[in-house]
Amino acid sequence: MTVGLFTPDGKCNPAYLKLDLYCKGLKIDASCDLDEDARQIIRNRAGLGSGLEVVIGADMYTNVPVVEWWVGNSPYWLVKAAPEEGQSPAGTVPYQIWREREPFDYSAYDSMETAKRGPWVGTLDRANAELVDTVTIPEEPKWYKQRTSSGKLMQRIGCLQGTYLGVYWGPRCQNWGPNGENEYCKFCTEGQNLGSQEEAEKSIQDVLETAIAARKESKITFVHVNTGFLDSNDYLGLFEPLFEKLKSQTNLLLGLQAPPDANFENYRRFKQLGVNNVSLCFEVIDADLFVEIGPGKARRAGLQRYLDAIDFCANEVGFDTVNGEIIAGLEPLESSMRAIDWIVDHGAIPTVCVFRPVVGAAYGKRKPPRVEDMLPVFQHFYRRCMEKGLPIGIAPNVKVSLIMLPEECRGLMPNPNAWPIKRAALWFAAKAFKAVFNTRVRV
Ligand code: SF4
């Protein structure tokens with residue numbers, strides 16, 4: 001079966017739409033009322049969460065680029081449906097995604113003004129466009145506007161990325177100075193966001209209160225905490241009190257995303273603290289590009305240290321899951337597939353982002369990747385996870401908007417019905433894990 005935006009019966013393929021929206025972005029029709037209906041756009045997590053949160057189909061969360069210069073070339077439009085056009089599950093008026101009928105022109109990027117920024121608001125010419133699918137815009141949770149007991153706005157402590165809570169913890173990544181000037185990763189804007197988009201100073205109590213509020217209202221199950229480089233590379237020292245408090249008070253699932261620790265033995269302590277998932281982001285496996293894209297990462301850790309840390313966490317410590325994170329579109333496709341192979345062959349699960357040239361990043365004026373190039377990478381990703389029998393899609397209610405989840409990539413396969421027994425086993429494992437989680441969670 002050829003994989004594209006529509007299946008042979010004319011229905012939208014949500015997985016393909018999610019992937020294509022990462023590559024092309026979304027324009028906003030004048031009918032939309034996003035101030036009223038949507039979550040505020042919060043640029044954090046290295047700037048990759050720079051888009052609009054949208055739910056495609058039943059529960060495919062995605063964070064769609066809307067402000068970058070290249071979104072001006074997108075054929076996709078967000079339109080607010082009229083009330084008679086249906087109700088979304090939440091009882092609100094649904095939104096729709098439409099696509100212009102004109103064939104997509106990649107060469108148009110060459111003549112575009114890269115300094116321009118959106119959102120790209122206009123009026124869709126429906127006569128020359130086709131309806132792709134009805135989507136939901138998740139409402140902003142009420143806790144975003146609540147304050148912690150220290151008076152801080154909770155949305156500046158952490159934010160939802162899909163259905164989990166993402167929190168940055170610690171000082172600004174030291175690749176951003178004062179002694180690391182020009183060492184930041186060229187796709188990243190974290191150094192610009194901390195302090196402007198999110199609180200630079202937050203206490204353990206601030207994070208705990210935000211996590212509890214997010215659990216009560218948004219039913220989060222997972223708190224993912226990330227940080228940038230410390231000169232000391234002592235991440236256990238940075239995170240230990242926070243994880244201790246979060247686990248003992250909530251028993252939510254906890255994720256750590258940090259550069260490789262100075263002492264790998266510390267990962268055993270992270271496990272004792274109740275950390276369920278460790279994620280290490282090396283972005284590219286091409287050795288020269290690793291240095292070029294992340295000079296600070298190269299000087300402070302180096303590619304091999306990232307790979308060694310993934311190997312150690314997956315095979316010596318044995319967290320519930322370990323992720324190696326890469327960005328497809330920053331290196332040749334064969335390299336991205338080689339990185340996926342390396343991660344899978346070492347017992348970890350790849351996290352594959354689609355390169356997003358975001359406003360303010362050193363690579364912000366680059367072109368986004370082509371969906372035709374991304375498709376085989378994500379097909380390879382799913383195939384390798386299934387062949388290896390990795391535990392994908394097990395954690396309850398963890399829908400991630402910034403990436404294609406491995407299980408979502410099934411929709412990108414020419415034969416999505418392959419591996420029926422393995423998929424059934426994963427389904428049972430997810431049910432069992434959810435039951436155990438529900439008995440143990442404290443909020
Ligand atoms: S390590 Fe790189 S990607 Fe991560 S916060 Fe620092 S500069 Fe950004």
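A residue counts as near a molecule if one of its heavy atoms lies within 4 Å of it. The exercises below concern a predicted model.

**Exercise 1. The surroundings of the ligand**

Task: State which residues are around the ligand and how they divide into nonpolar, polar and charged.

Solution.
- Step 1. The residues around the ligand are Cys173, Asn175, Trp176, Tyr184, Cys185, Phe187, Cys188, Glu190, Phe229 and Lys297.
- Step 2. Sorted by type, this shell holds 7 nonpolar, 1 polar and 2 charged residues.
- Step 3. Glu and Lys count as charged, and the list includes Glu190 and Lys297.

**Exercise 2. An open sheet**

Task: Determine in what order the 7 strands of the open sheet are arranged, and which strands are at its edges.

Solution.
- Step 1. The order is E3-E2-E7-E5-E4-E1-E6, and the pairing is mixed.
- Step 2. E3 and strand E6 (121-122) are the edge strands, since each pairs on one side only.
- Step 3. Within this order, strand E4 (residues 76-80) and strand E5 (residues 95-100) run antiparallel and are joined by 5 bridges. Lys80 stands opposite Tyr95 in E5.

**Exercise 3. Strand E2 and its partners**

Task: Describe how E2 pairs with E3 and with E7, and find which residues of E2 point each way.

Solution.
- Step 1. E2 pairs with strand E3 (residues 60-64) in the antiparallel sense over 5 bridges. Ile56 has Met60 as its bridge partner in E3, and Val55 stands opposite Tyr61.
- Step 2. The two strands form a hairpin with 3 residues between them. Gly57, in the turn, has a positive phi of about 60°.
- Step 3. E2 is also joined to strand E7 (residues 129-136) by 2 bridges, and these strands run antiparallel. Here Val55 stands opposite Thr136.
- Step 4. In a regular strand the side chains alternate between the two faces of the sheet. In E2, Leu52, Val54 and Ile56 point one way, whereas Glu53 and Val55 point the other way.
- Step 5. E2 (residues 52-56) is mostly covered, with 5 of its 5 residues buried.

**Exercise 4. Strand E3: enclosed or open?**

Task: Explain why E3 is described as largely enclosed by the rest of the structure.

Solution.
- Step 1. A residue is buried when its relative accessible area is under 20%.
- Step 2. On one side of E3, Met60, Thr62 and Val64 are buried; on the other, Tyr61 and Asn63 are buried.
- Step 3. Because 5 of the 5 residues of E3 are buried, the strand is largely enclosed by the rest of the structure.

**Exercise 5. Helix H10**

Task: Give the span of H10, and state which of its residues are buried and what covers them.

Solution.
- Step 1. H10 (residues 333-345) has 13 residues and reaches 18 Å from its first C-alpha to its last, close to the 18 Å expected at 1.5 Å a residue.
- Step 2. Its buried residues are Ser335, Ser336, Ala339, Ile340, Trp342, Ile343 and Val344.
- Step 3. The elements covering these residues include strand E12 (275-283), helix H9 (303-317) and helix H11 (371-388).
- Step 4. After the helix comes Gly347, with a positive phi near 80°.

**Exercise 6. Asn251**

Task: Decide whether Asn251 is buried or exposed, and name its contacts.

Solution.
- Step 1. Asn251 belongs to the loop between helix H5 (235-250) and strand E11 (253-257).
- Step 2. Its relative accessible area is 16%, so Asn251 is buried.
- Step 3. Leaving aside neighbours within four places in sequence, Asn251 is in contact with Leu246, Phe437, Arg440, Val441 and Arg442.
- Step 4. A polar atom of the Asn251 side chain lies 3.1 Å from the backbone oxygen of Arg440.

Definitions and conventions. Residues are numbered from 1 along each chain as its sequence is written. This is a predicted model: local features need pLDDT of at least 70, side-chain atom pairs count only at pLDDT 80 or more; totals for chains, interfaces and linings use all residues. Side-chain values use heavy atoms; hydrogens and water are left out. Buried means under 20% relative accessible area, exposed over 50%, partly exposed in between (1.4 Å probe, protein chains only). Helices (H or I, at least four residues) and strands (E, at least two) are DSSP runs, numbered from the N terminus. Two strands pair if DSSP finds at least two bridges between them. The expected span of a helix is 1.5 Å times one less than its number of residues. Contact means heavy atoms within 4.5 Å. A polar contact is a pair of N or O atoms within 3.5 Å; within protein, one must be able to donate a hydrogen and the other to accept it, and residues adjacent in sequence count only if both atoms are side-chain atoms.
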